[in-house]
Amino acid sequence: MVVPSPISFWTKKSRAVGIPTVDLSLDRETMSESIVDACEELGFFKVVNHGVDMEAVSRWEKEGAEFFAKPAPVKQRAGPAAPFGYGCKNIGCNGDTGELEYLTLHTNPASLFERSLTISEEPENFRSVANDYIEEVKDLACEILDLAAEGLQIGDKYAFSRLVRDAHNDSVIRINHYPWGKKKGGAPQWDQPSPKRIGFGEHSDPQILTLLRSNDVSGLQICTRDGLWISVQPDPNAFYAIVGDAFQALTNGRFASVRHRALANSARARMSMMYFGAPALDAWICPVPELISRGSPCLYQPFTWGEFKSAVYAMRLADSRLDLFKKV
Ligand code: GA4
């Protein structure tokens, strides 16, 4: 059963659309059913009582805040994000832009080591804070993936989490900063306010599962299956789970990746931190056998995560890359 959040939004069709909340302190059956319902209906849900060490979250948030408070030339030493490191306003390499600055990092220890040297004056501390955060969110992501497999009655309970737990997983962490007003110390000058300023444009996440957590500043919007954009109430104590394209393919379209965006029209700076759980580059993404039947034929050609990632980076932010791998 999906528990709607207290804030509901009435669509034009007069239907209440709430953000489903999954409480991870309940019994496994209730949790797995809630997760499947939420992933089918919206591809998005709020996670409470998640068990993540909030001290690890605060330490990671502090690293982010300290980094973004640095003068632009210092931050630029950690960039450009191609795709890892510091980025400002440019997103990807095909002309997408947004009103934000960000840090994107591969979770692999060797990559984190190299990046930390240009990001922090205390790279060892930075790495240890990042690693603690990664371990926490990876565990939460894997717990959600196991519950999803149970709810879908998949024989191999670890079919999804195994991909993310693989030693060669391609998971990524990212901190987005949507600043506001004039900043001290040479930080970027931001444009005048407008309710339509896009911080990060409409897109779906390519990976399996994203876990997002933000400070108490709003901005995130998700798109319902009816094409209605709804604002997500920020909650610094919760995580939001986002179904990615690879999860859509693994579930043969039963779960659909959710399109989302961030507006940058708040009176205060928004900072969000994401964990994008991804498989190894050579892992095959093909629908699990239990979700293929005569009534639900296989929708996608098998592809490796590496092949899909190449397609992702060759396309624009808002493109629907999974269409390239649809069976004809
Ligand atoms: C969206 C989700 C993650 O932030 C990200 C983004 C990546 C990037 O910023 O480098 C992409 C974007 C994201 C999807 C399409 C491509 C790649 C920018 C872009 C235009 C890190 C990811 O994995 O895909």
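**Exercise 1.** Where does pLDDT stay under 50, with 17 contacts beyond four places in sequence in the model?

*Solution.* Remember first that this model is predicted. Next, scan the confidence along the chain: over residues 4-15, pLDDT stays under 50, and the model has 17 contacts beyond four places in sequence for that stretch. Then carry on to residues 182-189, where pLDDT also stays under 50 and the contacts beyond four places in sequence number eleven. Finally, set these stretches beside the overall picture: the protein chain has an average pLDDT of 92, and 90% of its residues score at least 70. For the complex, the predictor reports a pTM of 0.93 and an ipTM of 0.99.

**Exercise 2.** Describe the fold of the protein chain in numbers.

*Solution.* Start with secondary structure: there are 15 strands and eight helices. Move on to burial, where 40% of the 328 residues count as buried. Last, take the contacts between residues at least 6 apart in sequence; 71% of them join residues at least 24 apart.

**Exercise 3.** Work out which residues surround the ligand and which elements supply them.

*Solution.* Begin with the count: the ligand is surrounded by 15 residues, and the closest are Pro83, Gly92, Asp96, Asp205 and Leu317. Now trace the elements: strand S5 (96-106), strand S6 (172-178) and helix H8 (305-314) each give two or more residues to this shell. To finish, sort the shell by chemistry, which yields eight nonpolar, four polar and three charged residues. Asp counts as charged, and Asp96 and Asp205 are among the closest residues to the ligand.

Methods: Residues numbered from 1 in each chain as written. Predicted model: local features only at pLDDT ≥ 70, side-chain atom pairs only at ≥ 80, totals over all residues. Helix = DSSP H or I, 4+ residues; strand = E, 2+ residues; numbered from the N terminus. Buried ≥ 20, exposed ≤ 12 C-beta atoms within 10 Å, placed from the backbone. Contact = placed C-beta atoms within 7 Å. pLDDT = per-residue confidence, 0-100. Near = placed C-beta within 6 Å.
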